[in-house]
Structure formats: C-alpha cells, structure tokens
Amino acid sequence: MSVHDKLTLPVSRRHFLIGASLTGAGLVIGLQPSPSSAAAEAFEPNAFIRIPADGKVVFVMPSVEMGQGIYTSVAMLLAEELEVSLDQVELEHAPADPTRYANPLLGDQITGGSIAIRAVYEPMRKAGAAARIMLVNAAARGWGVAPETCSAEAGHIVHAASGRRAAYGSLIQAASSEAVPQEMPLKPASSFKLIGHSVRRLDSPEKVNGTAKFGIDARPQGVSYAAIAICPHFGGKLRAVETGPAMAVKGVKQVVRIEDAVAVVADNTGAARKGLAALAIEWEPGPNGTLSLVDLEKRAEEAIDGNALPHINEGDVAKAEAEHGPALDFVYRLPILTHSAMEPMNCTLHVRSDGCDVWVGTQVMGRARQAVADVTGLPLEKVVVHNHLLGGGFGRRLDVDGIILAAKIAKQVDGPVKVTWSREEDIRHDCYRYLNYSKVTATLGADGMPVSWRHRVIGPAVMARWLPAFTRDGIDLDIMAGAETPYAIPNKYTDFVRHEAPQGMLTGNWRGVGATRNLPAIEGGIDELAHAAGVDPLEYRRRLLQHKPRLLAALDLAAEKAGWATALAPSKGRGIALSEDFGSFAAMISEVSVGDDGSLKTERIICAVDCGQVINPDTVEAQIQSGIIYGLSAALYGRITVENGAVVEGNFDDSPVLRINETPKIEVHIVQSSEAPGGIGEVGTPGVAPSLLNAIFVATGKRLRSLPIDQNDLRRV
C-alpha cells in the first residue's frame, strides 16, 4: 500500500493533521450555508451550489480543470443528489479560498495526485443532498404537507398526491430559511442516473469552439506583455544587460531586471520577444557553471552505495539471502524528465498599492495567492486570484515559481502585465523529475519463486520541500510509492537514499508521481525473476497475487483481451506491468515489434483497470489513454541533458512528445466495481515503461534497464 492508497475516506487522523499543518485550521469542507444566503437573492446552501431566482443551477468547482474531466465528474456528483440534469447546470471556478475549497484529504486548495474524486465523492454528494432536502422541506412547508410525500425531479419539487410542482427557482427564499439538515442520506448506487454513465464533458463545447478561457487568454484592460530570459545556469545570476537595442524596438516600453532574469515589457508579445532577442545579457554562471549530465549521473551512481534510511523491513532478508543465494542483482536508471504542458507557462498580474489581481491557471490556488502576497508585501486578502482553465498540468503547475517570477516583474510595471514563457524557457527551467535509480537484489527458492526482495531507491525528496507532511523519519513517502510491491514475497526490505539535484535546479512532481519511479525496477525485476525461474511472466505474477483479488482480476482481464496465450511472430513481444496505487488497480500489456536495425514500434497497449465506482466511464477511458501516451513519450524520448550547468534541450524538436502516427492502438477495459472510487488521472502512466521494456525482452532477448529506450541497443546487425 502506497502513500496514495492510504489517502482513503473517511479522513484519518494522519490526514487531518496534514490538513491542519497546511491551513492552520484543520479540514474544512464547505457545507455550511453561504453568508450571503440570508439575502435570498439566490439559494446558497453551501459553498458549491447557487440557485438564483431564474432557476439555473450554478456549481462552484473546488478543483481545477486541466483536461482530466474533473469539472464534469464533480458536477455529476452534485447533480446526482440534487436531482438536476447536467443540461441545467452552469459551472464556475472556485476562488482562492482554502477555508472553503480545500481538498479534504490534502487540507489545501490543491488539484493533483489523482485524489480529487477520492476526496470529494461523498462530500459533494452530501452537498447536493443537503440542497435537495432543504428545497423539499421548503416546498412541503408551503404546501402544508409532509416532506416525505414530496420528491425532487429535474429541478422541481413534486407532490405527487396533489399534482403540485414547484421549480427550484421559485423556492429560493423559502429554502434559504430552512436549516441545513444534520443527516443527508445518499442514493444507493442502484438509483444512480448519472454516476456510472458516460456523459458529455461540460467543458468540451467551449474548448471546441475556442471560447474557453485559459490563463494565457487573460487580457485585462491596459495589459502589457513581457518576454523573459532566465539565467540558464542552475543557481546563476544576472551580471549585466545592455538595454539600448531592446528599447529601440518599436513597441518596447521597459526592460525589467530581477536577480536571475530579465524581462522586456512591450505593447504586444511580438515586440517583447524582438526586444528580448536584441538584449545583450551577461550571466554569472554561479557554482554549477561547469556541471554536465555525466557529472550528475556519476553522482547518482556514487549515491547507490550511500547512507540509506530504512523504509520497509518485513521478514529477515539478510537470512534469506544467506540461505538462498546467489542473489540476482540489477539496477534500473531513470533520466531527468520535463513536463512540457502544452499551454506555455504564463501569469498576468496587476500590482497596485492597494491590492493585486492575478490571472493564472494553477493547480494550487491558495499557494499562488500566498506567493503573490509574499512578493508584493500586500495583505493576503488584498490579493485576488482569477482562476482559469489549465492547458495541461502534469504536476508542473503544482509549483509557483512562475507566479513568483511574474510578481517580481509586475512590481516594477505600471498597470497589468502578462508574463509568458517561451517553450525554451519552460523546458530549461522546469521543476524536473530528477534522476532516479533503483537497485534490486532478490533470491529465489527451490520452486523458482522469490524468497527475498531488497530495493534501494535513490532520488530526491520532493515532498520534503513541497509537502513535508508526506515525509516520515526523513523518507519521502511519495518517492517510495509502490516500492513495497503487491507481490507475496516473505522477506522484503526497502530503503531510501536521498540524492538531490544541484542547487538551483528545481525538482517537482511529475504525472504518475512515485509509481513511475519504482515500477520499472519492480515490474522489470519480477520479469527477470520469472525468466530465471523459467516460468511464464503472467503465470509467475498470478502465483504471487493470490492475496490481491482486485489486481489479479485486472491482470486476467488484460491477459484475456491481449490474447496472451496466442503466439506472436518472430521479433514481436508482449510485456506486462501492474500497478496498485491511487486507490486503483491496473494491468498493462504492451505489444511491440523490433526490426533488425533496432527500429521499435509499439503496436498495441491494453490496459485493464479497477478504479472502484466509476463516475464517468468516458473520462476513465480518456485518462488512461492520455496517461499511456504521456508515459510512452517519456519512455521513448524523455531525457534532459545538461552541459555547463544548463539544460541543453529547448523545444519539441530535441525534446519530442509522441506524434499521432507513432501512437499505438490503445484498449482500455474497466473492471466493474462498487468499491470506493480510486484515482484515475495518473494510473495510465506508470505501467507503460516497464511493460514496454518487458515486451522488448521477449522480442529481442535484450534486457534494457535504462530509459529512455535507445534503439541503438536493439540492433541485431
């Protein structure tokens, strides 16, 4: 069980403490009536629902929408219990207000970690149910009948015995006077009209017709545009800049200097970029000015034998190794990765003496607000964050470095200014998933099954910086996610060597988080053990998963759909990888072909997933597909290199993502389940790389243990 799986409802004492540590106020779910409800211009039974007199139903979205479908899924939860159709619903972004809109499991206004639905599945339904009960009570009181004789249907309260009907909009004043119910019984699954059914995405029409507003679309009155150059060297500074040529560019208004960056402010982005190109900038490389990727990889290699902190100690691994040796040893090496969210990093601010407005798409609304308050020195309540849709997050927008930089620039500009990063600045100044190595040692019994498993994880402690509550005794619990393995191995030992990136190189969360770091070694390792035992990898896993019925069912379904028992042509292979994380269970099978020249083609990827109660099946399928494409891009191409203390890659030409013609056939099969909902946004990513590596072994006999896949290693001629 990983740290993500421990985030289960009801909220545990541990996660109450996480929330309290972040907000200082403990866990809050905004089911209390809105302070403005007394005016009865609208019925606002809680922070998430507003019904004005015209009867339209407004849902306020506590999480942010970055393509994962959360706006539709949350709306389905509210609408299911409120008894309205999605056609009757309008959506609003929640403001930056952790006291009302914090994620109940994270204690802050954070969208990430595939945890949104898991956190709000019951609270949002209760919010809808509370509103429905108050409307029913109001109508029954007005009609002089028992509430039990009334029901809610499609935005109306109905008294079937008398045939009376009242639209929600006609009841807003009476309902606003009703007490919030203490008990909010929820529908049984057998009565669901929306949950579990595929529905159209509420955010699709605006995205299709181009009217959707992302952060980059913010254009407040009088806005200026800024292009930026950040010191390319990690930990470096601005030494000097000659501004004359830039100021000569038509439209350029100002050159702004901060300690490690320069911004050119202009009437439009084109002029700003021309001005930036005209600048003569001198950078101070700082202490990392000579670093290369070779240096960083050497440091990681040395860390393998460094001091480690124990994580899991089950059975007696040392004794098992002594009795059942010789052991099998292998090291898996993962590269530095970037996020490459499609919408360029951007932030628009208007800093004034009496306040500040911020227009941005961020995964951390509350932190964004606090960061701007810290930079500007303004009271927190004077900072207003206008949230927007995100053109991709993947963890990049869990950090606020771009917002801080924009605030520093905006402090020096009169009027609002939009700061937009180029793709090159984005890739060269990301919050990277840093180098991650895994050393595994395992022994086998006489029957070929594993007796001991020792796994050392070498990597940074992102959570120590980003969410310290997710560390324990110095161990980053996220980076260890999945390291315990789902397999029945009697003796297990895992430990963690903290190995940080050089100063000035920001590291952060990446789609799939900890599981993407550990699954290549675990699922590759299990395949290596199966091969050593001479047992089919599917059968080997089945023997080790008899205590995991949900994962076993997903494995069997994936194997059936993949046609595991059917023979493949020479030079083709199938590989398996399993994941148990985010409260979900997934089995992935990749099918590849490898040419004599080393050319690799991913023919097909099959994923079977048990994510508990499904909210919107279309969203589950889309998220798994998206996660697979993201993971496949990284497995094939993801690798950031460093020279002279700076990132070499700069755009999609040298840091590519998967193209349509390279995308394999992807099949997603959902295991029907009535268990609590699991996360889904990141489940599709972790299994891609290990299933691919295992398939390549079948096709070629070559065991690759480093990513990205180097086709030079696959050549036969």
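pLDDT is the predictor's confidence in each residue, on a scale from 0 to 100. You'll want that in mind, since what you have open is a predicted model. Colour the chain by pLDDT to begin: the mean is 94, and 94% of the residues reach 70 or more.

**Stop 1: the low-confidence stretch**

Select residues 5–28. Here pLDDT stays under 50, although the model has 52 contacts beyond four places in sequence for this stretch. Where pLDDT is low, the predicted coordinates should not be read in detail. Take a quick look, then move on.

**Stop 2: a seven-stranded sheet**

Show the cartoon and pick out β10, β11, β8, β18, β15, β16 and β17, in that order: these seven strands form an open sheet with mixed pairing. Which strands are at the edges? Look at β10 (252–258) and β17 (383–387), each of which pairs on one side only. On average, neighbouring strands in this sheet are turned by 20° against each other, ignoring direction.

Now zoom in on β15 (residues 346–352) and β16 (residues 355–360). Do they pair in the parallel or the antiparallel sense? They are antiparallel, and the pairing runs over five bridges. Strands of a sheet pair through backbone hydrogen bonds, either parallel or antiparallel. For one bridge to look at, select Val-351 and its partner in β16, Cys-356.

Next, add the helices. Select α8 (residues 269–278), which packs on the sheet and touches β8 (224–230), β10 and β11 (261–266). The direction of α8 makes about 30° with that of β8. Then select α11 (residues 365–376), lying across β15, β16 and β17. Helix α11 runs at about 140° to β17.

**Stop 3: aromatic rings**

Time for side chains. How many aromatic pairs are there? The count comes to four. Select Phe-48 and Tyr-101: their ring centres are 5.6 Å apart and their planes are at 80°, so this pair is edge-to-face. Phe-48 is in the loop between β1 (42–46) and β2 (49–52), while Tyr-101 is in helix α3 (residues 98–101), so the pair ties together parts 53 residues apart in sequence. Both Phe-48 and Tyr-101 are buried.

Then go to Phe-330 and Tyr-332. With ring centres 6.1 Å apart and planes at 90°, this pair is edge-to-face too, because planes over 60 degrees apart count that way. Phe-330 and Tyr-332 are both buried.

Select Phe-394, Trp-510 and Tyr-630 together, and you have one aromatic cluster. Keep Trp-510 on screen and add Arg-433, which lies over the face of Trp-510 at 5.1 Å from the ring centre. For another arginine over a ring, select Arg-333: its charged end sits over the ring of Tyr-437, 5.7 Å from the centre.

**Stop 4: backbone oddities**

Switch to sticks and find Gly-325 and Pro-326. A cis peptide bond joins them, with omega about 0°. Pro-326 is in the loop between α10 (317–324) and β14 (328–334). The bond from Leu-707 to Pro-708 is also cis, with omega near 0°. You'll find Pro-708 in the segment after α19 (688–700).

Now try Thr-485, in the loop between β22 (475–476) and β23 (491–498). Its phi is near 60°, a positive value in a residue other than glycine. Is Thr-485 buried or exposed? With 8% relative accessibility, Thr-485 counts as buried, because the cut-off is under 20%.

Hop over to Asn-644, in the loop between β27 (642–643) and β28 (646–647). This residue has a positive phi as well, near 50°. Asn-644 has 49% relative accessibility, so it counts as partly exposed.

**Stop 5: two buried residues**

Select Gln-109, in the loop between α3 and α4 (116–143). At 3% relative accessibility, Gln-109 counts as buried. Add Ala-96, which is 13 residues away along the chain; the two C-alpha atoms are separated by 7.6 Å.

Finish in helix α4 with Arg-132. At 16% relative accessibility, Arg-132 counts as buried. Which residues is Arg-132 in contact with, leaving aside neighbours within four places in sequence? Select Glu-81, Leu-82, Glu-83, Ala-152 and Pro-185 to show them.

Notes: Residues are numbered from 1 along each chain as its sequence is written. Side-chain values use heavy atoms; hydrogens and water are left out. Helices (H or I, at least four residues) and strands (E, at least two) are DSSP runs, numbered from the N terminus. Buried means under 20% relative accessible area, exposed over 50%, partly exposed in between (1.4 Å probe, protein chains only). Rings of Phe, Tyr and Trp (its six-membered ring) pair if their centres lie within 6.5 Å; planes under 30 degrees apart count as stacked, over 60 as edge-to-face and the rest as tilted. A charge sits over a ring if NZ of Lys or CZ of Arg is within 6 Å of the ring centre and within 35 degrees of the ring normal. Contact means heavy atoms within 4.5 Å. Two strands pair if DSSP finds at least two bridges between them. Axes are lines fitted to C-alpha atoms, for helices over the stretch in contact, and angles run from 0 to 180 degrees between N-to-C directions.
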